[in-house]
Every structure is written in C-alpha cells, then in structure tokens.
Amino acid sequence: MALVSETPARTSDVTAAGPDPDLARARDGDDAAFTRLVGPLRRELHAHCYRMLGSSHDADDALQDALLRAWRGFARFEGRSTLRSWLYTVATRTCLDAVASRGKRALPVDLGPSSDRAVIGDVPVTDVAWLGPYADAGLPAGPAGPDARYEQREAVELAFVAALQHLPGNQRAALLLFEVLGFSAAEIAAVMDTTKASVNSALQRARAVVAEKVPPVTQAQTLRDIDDARLRALVGGYASALERGDADALVALLTEDVTWSMPPMAHWYRGLGAVADFAVRVPLTGCGAWRHLPITANGQPAVAFYLWDEGARTHLRWSITVLTLRGDSIADLTSFLGAEHFVPFGLPESLP
C-alpha cells in the first residue's frame, strides 16, 4: 500500500506538532533527527510487526521497510496526528503488503493430528512458513494505551500470535490496532483506507476466531498467580530432566493433556504417554549432552538448549523451548529448532 495522508489526531495523545526541533529538521531531510524521533518507538513498532507476521526475521524486514517509507514521506507529515499514530499507520500498511505476498505462518498443531508414539527419523519440513519465537526483552508489561484490552506482553504470547495467523490481513490488523493499541474504529478505517463499517465487521470476525483458539486465562495472568519458587522449579526441573533423560521427572511437571511440538518438524505429541515416549526415545540423552539457559520468550518462561557437538568439542545452539503454563504445571512445550532463533535473544553461540 502506498503511504498516504495522516489519520486524525487522537484526543488522548499529545500532538506531534510540538516544540521538538527534530520534527522540523527531519522534514528538511536530517536523517539523524528522524532517527532520534523514531528511536523511542522502535521497540513497540517491532512487536507490532511480529504480531502481524509471526516471525522476528520478517518483523525486522518490515520495520526497516516501514521506517524507510516513513523517512521518504516525512515531509508530508504535518503533525495533525501524533508521530506514533502515523508510524503505526505506515508499519501496518507495510505488514499488510507482506501478509499479502507471504501468507500466514503455522505451528505443527495446525497441520495435522498428533502422534501417539515417538516418530523416529523425523525430518524438517521446509515448505511451511513456521511461526517463530519472540525475544521480549524491553517490551513493557502494561497496556499500550487506556483503551487497549490486551497488555503488550500478553499480545506476543504464543497462543495469541498463533491465533492471529488464522486471520486475513485486514482482520489481523484491525484486531491489533483496536484491542492491543487502543485505536478507535474510525482511526483504523483511516489507517486501512476503508470504512468504519468494514472495520467493525473485521473486528467481529477476528474476535470470534481468537476467542475459539486462545485460552481464557493468559500467560501473563498465570505468571502473576504462580509462586516464584514454583516457576523456577518448573523451568529448572524441565531442563534438568531432559539433560538427565529422566522421563519420570519430566512427566511430574506436566498436565495430563500436555502438548509438545518442535517446528520445523511436522509431528507433534499430546498427552503424558506420547510426550514421555518421545522424551525417552528421540533426544540424544546422556549426562553432559545438553546445557541450557533459562530465558523468557513471547512473554512466557523459556529455555535455550545447547547440544554437545563432538566435532566442535562444545555445546552448540539447538532450540528455544517456550513453556505454556496452566496453573502450576506445564501444559504446552513449543521447541523452535535452529540456531537462527538464538540471534534475536543475544545468546552465545556455544556453552562449555
């Protein structure tokens, strides 16, 4: 979509046509001034692009493209809206272009039924655009504005972002702008160059899909309720159970209906029996084979796993596993396999 005129100013915002001298400098072509203006907004804009696209790499590309579009069109920014609202308009339209050209991203649970027993020799599926994890460091915990329904970290949780991938681009954008960022239907209509009635229709359809696919209790709510000591025991216990190859210790931490998926592998597992069978039969077990670092991803507890490589004589990057909790147990394990997932988290390439 082409960059067009600004959306109307929001009454809850301070107008961008303030005394900041960088606005005038940026309009005159000062790229350093433009960089200073957009710098404080880059983190939240990147999260918005990730929610739209389901991939940190795609979010990097979309944000870079959006800021280039904004820079080229900045002379037309007149300050009738806030700079933040205007940049979200540019970023959303950039992401809609990407959605139209690249399609949606998926998790293994979207592709077929679960496997009852461990699948030996499973190989990566390369013709699927897989959902990826998100490095959430620096993302605020609270809502983006007074009219937002979701907190910012809630809105990068795996279940929510995965549900968004089942929506057409316009519904995805409308839901995010309305319920995560607190834009009004009229403002969203201006952003998306459509009518308010179309926005309300898109919102109604999007809410129905998300309500069906997202658990009623978010991970943010669950984490507020769980004891810190129990959380540490869950994360550390899961990681150490895998390192020891101790299926009994692993099962003790899981819900009865636990699921475990490992994109880019298509097979996934549901229930204690299937998960325990996989944990025993497939991983390269043995003391010393694995090392781990506890992290957070998608607003959830996570573990970065490193696997011993005999040739390199060190533990190399293997997977980022995101844990989804229910109560004080693990209800879902999503292990994103691949060294490329470690880069956005700033994690080391190897562990001794």
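**Salt bridges, cysteines and cores in a predicted model**

Biologist: What makes D136 and R153 a salt bridge?

Modeller: In this predicted model, the closest N and O atoms of D136 and R153 are 3.3 Å apart. The cut-off for a nitrogen of Arg and a carboxyl oxygen of Asp is within 4 Å, so the pair at 3.3 Å counts as a salt bridge.

Biologist: Where in the chain do D136 and R153 lie?

Modeller: Both D136 and R153 are in the loop between α5 and α6 (158–164), so the salt bridge ties together parts that are 17 residues apart in sequence.

Biologist: Is D136 buried or exposed, and how do you know that?

Modeller: D136 has a relative accessible area of 2%. Buried means under 20%, so D136 is buried.

Biologist: Why is R153 called partly exposed?

Modeller: The relative accessibility of R153 is 22%. Partly exposed covers what lies between 20% and 50%, so R153 at 22% is put in that class.

Biologist: How many salt bridges does the structure hold?

Modeller: The count is 16. Among them is the one between E44 and R84, with closest N and O atoms 2.9 Å apart. E44 belongs to helix α3 (residues 42–53) and R84 to helix α5 (residues 83–102), so this pair ties together parts that are 40 residues apart in sequence.

Biologist: Are E44 and R84 buried or exposed?

Modeller: Both residues are buried: E44 has a relative accessible area of 17%, and R84 has 16%. With the limit for buried at under 20%, each value falls into that class.

Biologist: What makes the contact of E179 and R207 a salt bridge?

Modeller: The side chains of E179 and R207 come to 2.8 Å, N to O. That distance is within 4 Å, so the pair meets the rule. E179 lies in helix α7 (residues 169–180) and R207 in helix α9 (residues 196–213), so two parts 28 residues apart in sequence are tied together. E179 is buried, at 6% relative accessible area, whereas R207 is partly exposed, at 33%.

Biologist: Which residues do salt bridges with shared partners join into one network?

Modeller: D22, R25 and R36 are joined into one network in this way.

Biologist: How are α7 and α9 placed relative to each other, and how do you know that?

Modeller: Their axes come within 8 Å and cross at roughly 90 degrees. Angles of 65 to 115 degrees count as roughly perpendicular, so α7 and α9 are described as roughly perpendicular to each other.

Biologist: Which residues meet where α7 and α9 are in contact?

Modeller: From α7 they are N170, Q171, A174, L175, F178 and E179, and from α9 they are A202, L203, R205, A206, R207 and V210.

Biologist: How many disulfides are there?

Modeller: The count is zero. C49, for one, is in no disulfide: the nearest cysteine sulfur, in C95, is 3.6 Å away. A disulfide needs sulfur atoms within 2.5 Å, so the sulfur of C95, at 3.6 Å from that of C49, is too far for a bond. C49 is buried, with a relative accessible area of 0%, and C95 is buried as well, also at 0%.

Biologist: Which residues have the most contacts inside the largest nonpolar core?

Modeller: F74, L87 and F160 do, in a core of 77 residues. The largest share of this core comes from α5, with 10 residues. Apart from it lies another core, of 32 residues, among them Y269, W290, L307 and I330.

Biologist: What is F160 in contact with?

Modeller: Neighbours within four places in sequence aside, F160 contacts Y150, E154, A155, L175, L176, V180, V210 and V214.

Biologist: Is Y150 buried or exposed?

Modeller: Y150 has a relative accessible area of 10%, which is under 20%, so Y150 is buried. Y150 lies in the loop between α5 and α6. Residues up to four places away in sequence left out, Y150 touches P143, A155, F160, E179, V180 and V210. The C-alpha atoms of Y150 and L223 are 15 Å apart, with the two positions 73 residues apart along the chain.

Biologist: Why is V90 called buried?

Modeller: V90 is in helix α5, and its relative accessibility is 2%. Since 2% is under 20%, V90 counts as buried.

Terms used. Residues numbered from 1 in each chain as written. Predicted model: local features only at pLDDT ≥ 70, side-chain atom pairs only at ≥ 80, totals over all residues. Heavy atoms only, no water. Helix = DSSP H or I, 4+ residues; strand = E, 2+ residues; numbered from the N terminus. Buried < 20%, exposed > 50% of the residue type's maximum accessible area, 1.4 Å probe, protein only. Core = buried A, V, L, I, M, F, W, Y, C linked by side-chain atoms within 4.5 Å. Contact = heavy atoms within 4.5 Å. Axes fitted to C-alpha atoms, helices over the stretch in contact; angles between N-to-C directions. Parallel < 35°, antiparallel > 145°, perpendicular 65-115°, else oblique.
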